[in-house]
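Biologist: Got a minute to walk me through this one? I'd like to hear about the packing and the charged residues.
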Amino acid sequence: MELKNNELISVGGYLAKRLERVGIKHYFGVPGDYNLILLDELLKNKNLQFIGCCNELNAGYAADGYSRANGIAALVVTFSVGGLSALNAVAGAYSEDHPIVVISGGPNTNSEPENQLLHHTLGEIRYSYQRDIYSEVTKEAVIIKHIADAPYQIDTAIQTSLEKQKPVYIEIPCNIAGLQIHEPQLFKFTKNTKSNPEALSEAVESTATILNSAPKPILVAGVKLRPWEALDSFKTLAEKSGYAVATMPNAKGYFPEDHPNYIGTYWGPVSSPGTAEIVESANAYLFAGPTFTDYTTTGYSSLINHSKLIHVGPDYVKLPNKTYNNVFINEFLKELSNVISYNDASLVAYNRIRPDYSKTNKLNSNEILTTKKLFKMVQDILDSNSAVIAETGDSWFNGMNLVLPNDCKFEIQMQYGSIGWSVGATLGYQLATTPQRRIISLIGDGSFQLTAQEMSTMIRYNLNPIIFLINNGGYTIEVEIHDGPYNNIQNWNYADLVNVFNGDSGNGISFKVNTEGELQKAINKSLKHNGLSLIEVIIDRDDCSKELLEWGTRVASNNSRPPKITEL
């Protein structure tokens with residue numbers, strides 16, 4: 001807890017106490033001369049641990065993963081060469097509503113007015129450009145130029161990050177970080193989730209009228225339920241309404257998959273078997289926190305009729321003929337559950353066509369591995385203490401077919417889709433969750449090559465994820481969208497990398513498997529191992545899910561639309 005007296009603390013120390021206040025225990029970064037004094041001050045807070053990463057991009061991905069599990073994260077970079085390297089990861093967190101406090105060291109405040117040309121810069125005497133660039137991918141971007149302003153700027157930025165569920169940027173010049181200011185006073189960081197009462201009441205009444213009069217309504221969970229803390233209220237609505245419930249692909253795991261109302265992933269033509277038919281034939285559908293993009297709608301080929309759509313956003317409700325603003329999703333769903341009528345017609349309809357998953361194929365030890373068999377064996381090891389991280393690519397589609405046990409987590413970066421994200425995200429997510437939760441990462445070889453070195457950081461900090469490295473010789477997702485020689489990559493001896501990263505003291509293990517029997521033995525050893533495990537799985541280049549084939553074709557079709565030429 002912050003002190004109430006007038007003792008002094010450095011600017012960096014003040015920031016550390018505020019990070020601690022919002023529940024951060026680890027921060028990710030790479031040292032550089034502009035942030036060294038700042039790091040010295042942060043390290044004085046023994047309730048925070050510095051996690052040194054291999055590069056700033058990977059540190060940003062780790063912060064993204066940490067934010068998903070913890071609710072907010074912190075990233076420390078040096079000026080320009082560090083900050084601009086991390087920019088892509090921060091942009092991804094912005095697009096997917098994951099709060100990160102980006103903290104950058106900065107040049108001495110005297111350098112610009114004294115006309116000094118500095119290293120690590122653009123070679124021009126103007127040093128606010130990193131703040132300006134970050135203003136495009138954050139909700140608040142500030143440079144602390146005067147110590148008297150530091151408490152206000154730090155507190156406001158962190159509050160904004162939580163309230164908007166977006167990254168923020170705080171730049172602290174190297175000659176400011178160690179200066180003394182007053183200790184932080186009591187301050188409660190909160191989100192503003194109070195709706196306009198009149199708008200909330202009318203939105204609930206209008207929505208209930210539509211749903212209660214619909215013969216066969218349905219609910220669909222979207223990705224914005226989690227950042228706006230509406231998962232529980234959505235579940236309550238589902239149980240009180242009796243409606244069938246689907247999840248959008250980037251919201252997989254946001255509704256219990258063992259719940260009797262759950263019918264699968266709604267993803268247009270590549271939905272779970274039977275799910276699209278039930279969703280698209282409903283008389284009314286309430287999408288809670290959705291994002292309708294070319295990826296989530298399979299190239300805008302989903303058959304959603306907007307005259308039947310109730311779109312509940314983070315702070316608005318759109319009905320077919322009206323919109324209510326300043327209505328927060330959590331409050332709205334809670335109030336709606338009090339006036340909704342029970343109607344299980346959509347669930348009854350789904351149960352008539354429910355696919356039979358009872359058939360299982362026995363293990364054939366000598367059989368060459370296929371993607372389908374790999375994911376069947378992944379399915380077998382999942383439990384309530386698992387968390388699945390699926391990299392951009394065919395892991396998306398195979399991951400969607402996994403049936404998640406109760407409380408098993410699932411993470412995907414579908415809005416931004418930056419390949420390589422999952423390696424750093426695995427590091428951050430594992431640090432932010434309980435030691436008992438085992439991270440299962442599903443990563444293609446092409447994506448892995450972008451960020452592979454962060455596996456050494458997992459070994460360094462004694463983390464124990466199981467990484468399934470799917471080696472099929474290229475960028476499979478790009479092949480299915482548009483093939484070319486650029487989708488081929490240099491093959492690596494991936495399993496051997498663990499020995500490289502272990503150095504003299506690491507505890508990682510690795511396997512290279514070609515058959516079902518080899519994979520089963522590798523999984524068994526990995527589950528017993530208290531450290532990182534990498535399983536390199538050799539898969540045929542053309543072995544991919546049928547969903548990827550159809551999805552890739554439809555996304556490619558949307559990408560290739562000719563320009564609409566307007567006559568002058």
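Modeller: Sure, we can go through the cores, a strand, a helix, the salt bridges and a couple of backbone angles. Keep in mind that this is a predicted model.

Biologist: Fine. Which residues touch the most other members in the largest nonpolar core?
Modeller: F28, L75, L427, F448 and M455 do, out of 39 residues in that core. Among the elements giving two or more residues to this core are α3 (56-70), β4 (73-77), α4 (83-95) and β5 (100-106). Later parts of the chain contribute too, including α14 (421-432) and β19 (466-471).

Biologist: What does L75 touch?
Modeller: Leaving out residues up to four places away in sequence, L75 touches F28, A59, G60, A63, A86, V90, I100, V101, V102 and I103. There's also a second, separate core, with 36 residues, and V204, L211, L225 and L286 are among them.

Biologist: Back to β5 for a sec. How many of its residues are buried?
Modeller: Seven of the seven, so β5 is largely enclosed by the rest of the structure. In a regular strand the side chains alternate between the two faces of the sheet. For β5, I100, V102, S104 and G106 are on one side, V101, I103 and G105 are on the other, and all of these are buried.

Biologist: And which strand does β5 pair with, in what sense?
Modeller: β4 pairs with β5 in the parallel sense, over five bridges. To pick out one partner, V76 is bridged to I103 in β5.

Biologist: There's a serine in that strand. Is S104 buried or exposed?
Modeller: S104 counts as buried, because its relative accessibility is 0% and the cut-off for buried is under 20%.

Biologist: So what does the S104 side chain make a polar contact with?
Modeller: With the side chain of Q130, at 2.9 Å. Apart from residues up to four places away in sequence, S104 touches V77, T78, F79, Q130, Y169, I170, E171 and I172.

Biologist: Switching to charges. How many salt bridges are there in the whole structure?
Modeller: The search finds 15. As background, side chains of opposite charge can pair when their charged atoms come close. A good place to start is R68, which is in a network of salt bridges with D64, E96, R226 and E411.

Biologist: OK, how far apart are the closest N and O atoms of D64 and R68?
Modeller: 2.6 Å. Both residues lie in helix α3, four residues apart, which is about one turn of the helix.

Biologist: Are those two buried or exposed?
Modeller: D64 counts as buried at 0% relative accessibility. R68 also counts as buried, at 7%.

Biologist: What about R68 and E96, what's the N to O distance there?
Modeller: That salt bridge is 3.1 Å, N to O. R68 is in helix α3 and E96 is in the loop between α4 and β5, so the pair ties together parts 28 residues apart in sequence. E96 counts as buried, at 9% relative accessibility.

Biologist: And R68 with E411, how far apart in sequence are the parts they tie together?
Modeller: 343 residues, because R68 lies in helix α3 and E411 in strand β17 (residues 409-412). The N to O distance for this salt bridge is 2.9 Å. R68 is buried, and E411 is buried as well.

Biologist: New topic: helix α8. Which of its residues are buried?
Modeller: In α8 (residues 231-241), S233, F234, L237, A238 and S241 are buried. They sit on the same side of α8, because they cover an arc of only 145 degrees around the axis.

Biologist: What covers those buried residues?
Modeller: The cover includes β9 (217-221), β10 (244-247), β12 (284-288) and α10 (329-337). After α8 comes G242, which has a positive phi, near 80 degrees.

Biologist: Which residues other than glycine have a positive phi?
Modeller: Q165 is one of them, at about 55 degrees, and T298 is another, near 55 degrees. Most residues other than glycine have a negative phi.

Biologist: Where do Q165 and T298 lie?
Modeller: In loops: Q165 between α6 (150-164) and β7 (168-173), T298 between β12 and β13 (309-312). Q165 counts as buried at 4% relative accessibility, and T298 is buried with a relative accessible area of 0%.

Note on methods. Residues are numbered from 1 along each chain as its sequence is written. This is a predicted model: local features need pLDDT of at least 70, side-chain atom pairs count only at pLDDT 80 or more; totals for chains, interfaces and linings use all residues. Side-chain values use heavy atoms; hydrogens and water are left out. A nonpolar core is a set of buried Ala, Val, Leu, Ile, Met, Phe, Trp, Tyr and Cys residues joined through side-chain atoms within 4.5 Å. Buried means under 20% relative accessible area, exposed over 50%, partly exposed in between (1.4 Å probe, protein chains only). Contact means heavy atoms within 4.5 Å. The arc is that of the directions from the helix axis to the C-beta atoms. A polar contact is a pair of N or O atoms within 3.5 Å; within protein, one must be able to donate a hydrogen and the other to accept it, and residues adjacent in sequence count only if both atoms are side-chain atoms. A salt bridge is a side-chain nitrogen of Lys or Arg within 4 Å of a carboxyl oxygen of Asp or Glu. Two strands pair if DSSP finds at least two bridges between them.
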